[in-house]
Amino acid sequence: EDFLLNNNIVKTDKNYTYDILKNDLQFLNYEYSLFKINSIGKSTLNKDMIYIKLGEGNRKLFINASHHANEWMTSLITMMFIEKYLYLYKNKKNYKGRNIEELWNRTSIYIVPMVNPDGVGLCLKDKKVLTNELYKNIWEKYINNLEDWKANIRGVDLNLNYPAGWEQAVKNKAKKGIISPGSRDYPGPNAISEMETKNIINFKNIFNFDMTISLHSQGQEIYWSYLNKKVEKAYEIGKKMEKVSGYFLTEPNYYSSFAGYKDWFIDKYGKPGYTIEIGKGEEGKSLPLERAEEIYNELEEIFFVAIEEC
């Protein structure tokens, strides 16, 4: 594969910060001027929540990553996919028997590679975030283990902030003693309390996606349902994803079943939504960088199944 011999723009040798992501997009834009970069709005600390659009089709697939700060590996994997897809399209290549030009013209892919840029900055000890006084009182007590930080800068878990059984999420977490902002699992003072959640919901309402994939880590699992709402074809498409990745198609446990983006998408729109837990590593920790290529290879074909089936 000549692609792998190319000097790839998206590198896997550094923790994937917001600044590296922006830089990579600039270089990708020089190399392949055929995609759009824009913003869906601002994060709490006023960073652009960047989105990329690939393809020109009427079908619309939405891929998002890094709802959770310590899962920043998902942003890197998403960017690796963007580069690969652009390379295949520009060079008129096929992928495992799929005609990329046909896929490009069939499906528009909207990608928000870093839903939680402030949290990622905190987790990766970005000076600009660490010197911001606004929310210091929330995270300062975690200063020695910021690499485990999952929430946004306000200490709210963004993937527990959507209006799909949000009240139940609050009860579930309260049983475990989580009732205030912190590094993880706090659903917020109310549903959609966070800028980041608002922006993702508005984005969905503008573009009316046909399918959504949220990348999380970790566990090599694909979640496809919300409570007993079973979307037509969602299971079959999930089975195809399972087959090409070796990941396990399953349903989340009750404790994790509420207020996530996928839950809201399925609940409100009744269209296929997936949460994909990438890789396998140490519980609650970020995945190790040296596994990035291997994890990307596990996932790559899932993206193509989604583009095809969307």
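Lys233 counts as partly exposed in this predicted model, since its relative accessibility is 47%, a value that falls between the 20% and 50% limits used for that class. The residue is found in the loop between β8 and α10 (234-245), and its phi is near 75°, a positive value in a residue other than glycine.

Lys92 also has a positive phi without being a glycine, here near 50°. Lys92 is found in the loop between α3 (73-90) and β4 (94-95), and because its relative accessibility is 66%, Lys92 counts as exposed. The table sets out the backbone angle and location of these two lysines.

| Residue | Phi | Loop |
|---|---|---|
| Lys92 | near 50° | between α3 (73-90) and β4 (94-95) |
| Lys233 | near 75° | between β8 and α10 (234-245) |

A further backbone feature is the cis peptide bond that joins Ser217 and Gln218, with omega at about 20°. Gln218 has its place in the loop between β7 (211-217) and β8 (221-223).

Turning to the interior, the count comes to 1 cavity of 30 Å³ or more, and about 40 Å³ of space lies in the largest cavity. The largest cavity is lined by Thr17, Tyr18, Lys47, Pro117, Val120, Gly121, Leu124 and Asp126, a set that divides into 4 nonpolar, 2 polar and 2 charged residues. Helix α5 (residues 117-123) gives the most to this lining, with 3 residues.

Methods: Residues numbered from 1 in each chain as written. Predicted model: local features only at pLDDT ≥ 70, side-chain atom pairs only at ≥ 80, totals over all residues. Heavy atoms only, no water. Helix = DSSP H or I, 4+ residues; strand = E, 2+ residues; numbered from the N terminus. Buried < 20%, exposed > 50% of the residue type's maximum accessible area, 1.4 Å probe, protein only. 1 Å grid on protein atoms, 1.4 Å probe; cavity = no way out; pocket = protein on both sides within 12 Å on 5 of 7 lines; lining within 4 Å. Points joined across faces, edges and corners; volume = space filled by probe spheres on them. Nonpolar A, V, L, I, M, F, W, Y, C, P; charged D, E, K, R; others polar.
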